[in-house]
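Please walk through this structure step by step. Keep the sequence and the 3D view side by side while reading.

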Amino acid sequence: MSISLKPGVVTGKEYLSLVRACKEGGYALPAVNVTGTNTLNAVLEAAAANKSDVVIQLSNGGAEFYAGKGFPDSLQAKIMGAVAAAHHVHLLAEHYGVCVVLHTDHANKKLIPWVEGMLDHGEAYYKKHGRPLFSSHMVDLSEEPLEENLSECARLLKRMAAIDMSIEIELGCTGGEEDGVGSDDIDNSRLYTQPEDVLRAYDVLSPIGNFSVAASFGNVHGVYAPGNVQLRPDILKNSQDLVAKEKALGKNPLDLVFHGGSGSEKSKIDESLTYGVFKMNIDTDTQFAFAHAIGDYVKEHPVAFAHQIDPDSGKPYKKEYDPRTWLRVGEKGMIERLGEAFADLKSAGKSVASPVAGSKAA
Ligand SMILES: [Zn+2]
């Protein structure tokens, strides 16, 4: 069944129908971490060019950077930066003609005040506009004992559900720098989510509101030399099957999220798409694409980055060092890499956004 949604930020029921369209269509949306208007606009442009819907997300560090590293208070910067980025997306996304899920990434126990600060803004926005500022927030308490993880997520989901928001939780532990699990000393049982834990999460959270699960199936944040961790998408299938059986639900009842997808084998990505993964986070690879393109540009124009006017020829370099020139080169590098992500996740050409009418109608 095909659906059609108004382009722009999707929340509440529209968000749920987009997630369903992804799972039924066997594709997932790239969830791209952004840190400012360059990376954010690059995601919108790439989504439009590939006719795909997309998830735009901010980490706490990305949000802080968005507000400015000189912002006087770090927690306020994380809150205000995320809010500023959200307003930017609400204003611009619909003009790109695609649907955008607006999300924030990992918040561990220390970062709960960040989530609560964003929810204060989200509730005020909801009062005024009848819809939330964000589609969802992630709360990652996977380092805490399971019951503590779930009861805290339940408490926050109550606030979110009241304003048509969803929560993303994490069960198990995705390896990598962010989680303090490197390529060496890996405790394997922690890297694979237990289906019983997912069932418990379903029991606690589904009566309150919508939730998605970042499950660990050997995925690692960042890019590491291969061979240390075995990616096992069957872990996802086991969780789906257990919840479907115990709760008498249809196939793939859970909305699953793939963290640490950078550098994963394509066949494992394909397999995970058949198990109800609707979102795959991408950060490391798009960061590198942005930097690599600018690196090449600087190598090609070394004099322009050292002199305003060529010391030998007298040629002015204003056009070359104008930030618009080389930041645009970075955007293009990121857009090209995202094209690959839309293809890998099979979301290209599948935007559910209805054609834009109104502002640009002839
Ligand atoms: Zn993650």
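Begin with two helices, H4 and H5, where H5 covers residues 112–129. Their axes lie 9 Å apart, and the helices pack at an angle of about 45°. That angle makes H4 oblique to H5. The crossing of H4 past H5 is right-handed. Bear in mind throughout that this is a predicted model.

Which residues of H4 and H5 meet? From H4 come Leu75, Lys78, Ile79, Ala82 and Val83. From H5 come Pro113, Trp114, Gly117, Met118 and His121. Sorted by type, the residues of this contact are seven nonpolar, two polar and one charged.

Stay with H4 and turn to helix H3, residues 60–67. H3 and H4 pack with their axes 7 Å apart, at an angle of about 85°. H3 is therefore roughly perpendicular to H4. On the H3 side, the contact is made by Asn60, Ala63, Glu64, Phe65, Tyr66 and Ala67. On the H4 side, Ser74, Ala77, Lys78, Met80, Gly81, Ala82, Ala84 and Ala85 take part. These residues divide into nine nonpolar, three polar and two charged. Lys78 and Ala82 of H4 appear here, and they also belong to the meeting with H5.

Now look at the nonpolar interior. In soluble globular proteins, nonpolar side chains tend to be buried together. Here the largest nonpolar core holds 99 residues. Val43, Ile56, Val100, Val213 and Val277 touch the most other members. Which helix gives the most to this core? It is H4, residues 74–96, with 10 residues.

Take Val277 from that core as an example. Leave aside residues up to four places away in sequence. Val277 then touches Ala28, Leu236, Leu256, Val257, Phe258 and Ser272.

Next comes strand E8, residues 211–215. Two of its residues deserve a stop: Phe211 and Ser212. Is Phe211 buried or exposed? Phe211 has 24 other C-beta atoms within 10 Å, so it is buried. Leaving aside neighbours within four places in sequence, Phe211 is in contact with Leu157, Ser166, Ile167, Ile169 and Leu205. Cys153 is 58 residues away from Phe211 along the chain, and their C-alpha atoms are separated by 9.5 Å.

Ser212 is buried too, because 21 other C-beta atoms lie within 10 Å. Ser212 touches Ser166, Glu168, Asp255, Leu256 and Val257, not counting residues up to four places away in sequence. Ser166 thus links back to the previous stop: it is in contact with Phe211 and with Ser212. Leu256 and Val257 touch Ser212, and they touch Val277 as well. Ser212 and Ile169 are 43 residues apart in sequence, yet 6.3 Å apart in space, C-alpha to C-alpha.

Another helix pair follows: H8, residues 195–205, and H9, residues 234–246. Their axes come within 8 Å and cross at roughly 45°. H8 and H9 are therefore oblique to each other. H8 passes H9 in a right-handed crossing. H8 contributes Pro195, Val198, Leu199 and Tyr202 to the contact. H9 contributes Asn238, Ser239, Leu242, Val243 and Glu246. By type, these residues are six nonpolar, two polar and one charged.

Follow the chain into the loop between H9 and strand E10, residues 256–258, to find Ala248. Phi of Ala248 is near 50°, a positive value in a residue other than glycine. Ala248 counts as exposed because it has 7 C-beta neighbours inside 10 Å.

Lys346 also has a positive phi, near 60°, and it too is a residue other than glycine. Where does Lys346 lie? It sits in the segment after helix H13, residues 323–344. With 17 other C-beta atoms within 10 Å, Lys346 is partly exposed.

The last stop is Ala306, in the loop between helix H11, residues 284–300, and helix H12, residues 318–321. Ala306 has 11 C-beta neighbours inside 10 Å, so it counts as exposed. Ala306 and Asn50 are 256 residues apart along the chain, and their C-alpha atoms are separated by 37 Å.

Conventions:
Residues numbered from 1 in each chain as written. Predicted model: local features only at pLDDT ≥ 70, side-chain atom pairs only at ≥ 80, totals over all residues. Axes fitted to C-alpha atoms, helices over the stretch in contact; angles between N-to-C directions. Helix = DSSP H or I, 4+ residues; strand = E, 2+ residues; numbered from the N terminus. Parallel < 35°, antiparallel > 145°, perpendicular 65-115°, else oblique. Left-handed = near helix turned anticlockwise from the far one by under 90°. Contact = placed C-beta atoms within 7 Å. Nonpolar A, V, L, I, M, F, W, Y, C, P; charged D, E, K, R; others polar. Core = buried A, V, L, I, M, F, W, Y, C linked by C-beta atoms within 7 Å. Buried ≥ 20, exposed ≤ 12 C-beta atoms within 10 Å, placed from the backbone.
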